Amino acid sequence: MSHIHPTAIVDGSVDLGADVAIGPWCIVGPGVTLADGVHLVSHVVVQQDTSVGARTVIHPFAVIGGDPQHNGYKGETVRLEIGSDNAIREHATFNRGTPQGSGVTRVGSNGLFMTGAHVGHDAVVGDHVVMANSATLGGHARIGDKVFLGGLCAVHQNGRVGQGAIVGGLAAVTRDVIPYGSAWGNHAQLHGLNLIGLKRKGYGKDAVRRLLAAFRDLFEGEGVFADRLDAVEAGYADLPEIMEIVAFIREDGKRPLCLPGE
């Protein structure tokens, strides 16, 4: 059975799952689906055309499913889709997509979005992502699984941050960050691999050594970068993480690649 506080305003079209809790002074607009166990703590706005996955908790003054911040948006029907088991903290803002983009902003499951985090229109965010206080995603950004975005960092529109990467606080990310990379600075530069993240995920010393060797061969070796990329692809074909980095680089991204020393 769901519980709706008497001060909350919930549109009649809202689809509520079991055991949804909507706290004081929340506003839930048309076209919204709140799955089983969703909890809106208080003063939360879920504007419209948004689905929130099971057991996600949204804290006070967050605005979820707001209009895209795009001059071309003229009120068309666009959506926001959020997965399950997320914690969305105070003052976070997640915008819906745009007709000019995919029409949908997608956020995965098991994420932590700290105070003031912003997910722009048409962004795609993976599972187990952490966005620290005031981390910001521009429109169409693509964030892989298990990424950590430090406080006050900003990923440029159309930017990509690959799976398992970490971006330091205050970084201006204007270039794509490879999977498992560690990027920081203003503007962000690639400074190596996310060693702390790899160790936390259970990678042993031998595995980390090989990943570091591949990284050095790719980014610090002799010759033309394209030739080094081919050599790393051939020489480390048994390492799925390196193959993911190679595929990420070969993909036609919208932003330049974040490289060491640039």
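## Packing of helices α3 and α4

In this predicted model, helix α3 (residues 225-235) packs against helix α4 (residues 240-250) at an angle of about 145°, and their axes lie 10 Å apart. The crossing in which α3 passes α4 is left-handed.

On the α3 side, the residues that meet α4 are F225, L229, D230, V232 and E233. Their counterparts in α4 are I242, M243, V246, I249 and R250. Divided by class, the contact of α3 with α4 comprises 7 nonpolar and 3 charged residues, with no polar ones.

## Packing of helix α2 against α4 and α3

Helix α2 (residues 205-219) also packs against α4, here at an angle of about 30° and with the axes 10 Å apart. Angles under 35 degrees count as roughly parallel, and α2 and α4 are therefore roughly parallel to each other. From α2, the contact draws on L211, A214, L218 and F219, while α4 contributes E241, I242, I245 and I249. This contact of α2 with α4 has 7 nonpolar residues, 1 charged residue and no polar residues.

Between α2 and α3 the packing angle is about 155°, and the axes are 8 Å apart. The angle makes α2 roughly antiparallel to α3, since values over 145 degrees fall in that category. In α2, the residues R210, A214, D217, L218 and F219 take part, and they meet F225, R228, L229, V232 and G235 of α3. The contact of α2 with α3 divides into 6 nonpolar, 1 polar and 3 charged residues.

Several residues recur in these contacts. A214, L218 and F219 of α2 appear in the contact with α4 and again in the contact with α3. In α3, F225, L229 and V232 meet residues of α4 as well as residues of α2. In α4, I242 and I249 serve in the contact with α3 and in the contact with α2.

## Strand pairing

An open sheet is formed by 11 strands, in the order β1-β4-β7-β10-β13-β16-β19-β22-β25-β27-β28, with mixed pairing. Its edge strands, β1 (3-4) and β28 (189-193), each pair on one side only. Within this order, strand β7 (residues 39-40) and strand β10 (residues 57-58) pair in the parallel sense over 2 bridges. The bridge partner of H39 in β10 is V57.

Parallel pairing is also found for strand β12 (residues 79-82) and strand β15 (residues 104-107), which are joined over 4 bridges. Here I82 stands opposite V107 of β15. Strand β15 pairs in addition with strand β18 (residues 124-125), in the parallel sense and over 2 bridges. For R106, the bridge partner in β18 is V124.

## Salt bridges

The structure contains 11 salt bridges. One of them joins R160 to D176, with the closest N and O atoms 2.9 Å apart. The two residues are 16 residues apart and the pair links distant parts of the chain: R160 belongs to strand β24 (residues 160-161), whereas D176 lies in the loop between β26 (172-173) and β27 (181-184).

## Backbone features in loops

Most residues other than glycine have a negative phi, and most peptide bonds are trans. Two loop positions depart from this pattern. The peptide bond from N186 to H187 is cis, with omega near 0°, and H187 is located in the loop between β27 and β28.

At N110, phi is positive, near 60°, although the residue is not glycine. N110 lies in the loop between β15 and β16 (112-113).

Conventions:
Residues numbered from 1 in each chain as written. Predicted model: local features only at pLDDT ≥ 70, side-chain atom pairs only at ≥ 80, totals over all residues. Heavy atoms only, no water. Axes fitted to C-alpha atoms, helices over the stretch in contact; angles between N-to-C directions. Left-handed = near helix turned anticlockwise from the far one by under 90°. Contact = heavy atoms within 4.5 Å. Nonpolar A, V, L, I, M, F, W, Y, C, P; charged D, E, K, R; others polar. Pairing = 2+ DSSP bridges. Parallel < 35°, antiparallel > 145°, perpendicular 65-115°, else oblique. Salt bridge = Lys/Arg side-chain N within 4 Å of Asp/Glu carboxyl O.
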